[in-house]
Amino acid sequence: MDLKNNFDNTKNLKFLDVFSGIGGFKIALENVGFECIGFCDSDKYAVQLYLAYLSNENEVYYDDARTIDTTKLPDFDVLCAGFPCQSFSIAGKRRGFEDTRGTLFFEVARILKDKKPKYFILENVKGLLNHNGGRTFATIVSVLTDLGYQVQWQVLNSKFFGVPQNRERVYI
């Protein structure tokens, strides 16, 4: 599949990468012609790698999503966020919204509410779907629809996309 041809009419779309990690969303979206306006991550080693290997001229940077001042944030069309998964993962204690990391989804919602981008792409572990009997995921979908967004989701496995690992993730 040639993604560049599928997105030719959206070449001028700008995106913000929250919980950017080492830049997976950035690499993918820039490869289809999108422009990154900024990124946010608190992991100092991920940020070091991001700064060393990825072009980031003219991008704003935040080390904590809770400190993003949306009144000063440049406009963008797409919000990307791989919000912290530890509190929803079957590999963790599954404390969900009772874990501070689990509440960081609400920072994503705050940014969406304030900036109103046309689109968003959220990524998390598959365990998010059944966390707390599905109520956590229902809350997330409810928050997003209350903000006026039409929400779709799908579980994708990296092994079907040329990556040599079995890694299931939910994309919203």
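Author: Accessible areas, as used here, are obtained by the Shrake-Rupley method with a probe of 1.4 Å. The structure discussed is a predicted model.

Reader: What share of the accessible surface of the protein belongs to carbon and sulfur atoms?
Author: The accessible surface of this predicted model adds up to about 10,100 Å². Of that surface, the part that belongs to carbon and sulfur atoms is 50%.

Reader: What percentage of the residues of the protein count as buried?
Author: A residue is called buried when its relative accessible area is under 20%. Applied to the 172 residues of the protein, this cut-off gives a buried share of 44%.

Reader: Which pattern does the protein follow when it is read along the sequence?
Author: The protein contains 5 helices and 7 strands. Read along the sequence, these elements follow the pattern α-β-α-β-α-β-β-α-β-α-β-β.

Reader: What percentage of the contacts with a separation of 6 or more comes from residues 24 or more positions apart?
Author: Contact here requires heavy atoms within 4.5 Å. Among the contacts in the protein with a separation of 6 or more, the share from residues 24 or more positions apart is 60%.

Reader: Is Lys26 buried or exposed?
Author: Lys26 lies in helix α2 (residues 24–31) together with Glu30, 4 residues away and about one turn of the helix, and the two side chains meet in a salt bridge of 2.8 Å, N to O. Glu30 is partly exposed, because its relative accessible area is 32%. The relative accessibility of Lys26, by contrast, is 0%, and because the limit is under 20%, Lys26 counts as buried.

Reader: How many residues apart in sequence are the parts that Glu123 and Arg169 tie together?
Author: The side chains of Glu123 and Arg169 form a salt bridge at 3.1 Å, N to O. Glu123 belongs to strand β5 (residues 119–125) and Arg169 to strand β7 (residues 168–171), so the parts tied together by this pair have a separation in sequence of 46 residues.

Reader: Are Glu123 and Arg169 buried or exposed?
Author: The class depends on relative accessible area, with under 20% on one side and over 50% on the other. Both Glu123 and Arg169 turn out to be buried.

Reader: Which residues are joined into one network by salt bridges that share partners?
Author: The structure holds 8 salt bridges, and one of them pairs Lys126 with Glu168 at 3.1 Å, N to O. Lys126 is in the loop between β5 and α5 (135–146) and Glu168 is in strand β7, so this pair links parts 42 residues apart in sequence; Lys126 is partly exposed at 38% and Glu168 is partly exposed at 34%. Elsewhere, salt bridges that share partners give a network made of Lys26, Glu30 and Glu59.

Reader: How far apart in space are Asp146 and Lys113, C-alpha to C-alpha?
Author: Asp146 is placed in helix α5 and counts as exposed, because its relative accessibility is 64%. Along the sequence Asp146 and Lys113 are 33 residues apart, whereas in space their C-alpha atoms are separated by 9.6 Å.

Reader: How many disulfides does the structure hold?
Author: Cys36 is buried, with a relative accessible area of 6%, and Cys80 is buried as well, at 0%. The closest cysteine sulfur to that of Cys36 is in Cys80, at 8.2 Å, and because a disulfide needs sulfur atoms within 2.5 Å, this distance is too far for a bond. The number of disulfides in the structure is 0.

How values were computed:
Residues numbered from 1 in each chain as written. Predicted model: local features only at pLDDT ≥ 70, side-chain atom pairs only at ≥ 80, totals over all residues. Heavy atoms only, no water. Salt bridge = Lys/Arg side-chain N within 4 Å of Asp/Glu carboxyl O. Helix = DSSP H or I, 4+ residues; strand = E, 2+ residues; numbered from the N terminus. Buried < 20%, exposed > 50% of the residue type's maximum accessible area, 1.4 Å probe, protein only.
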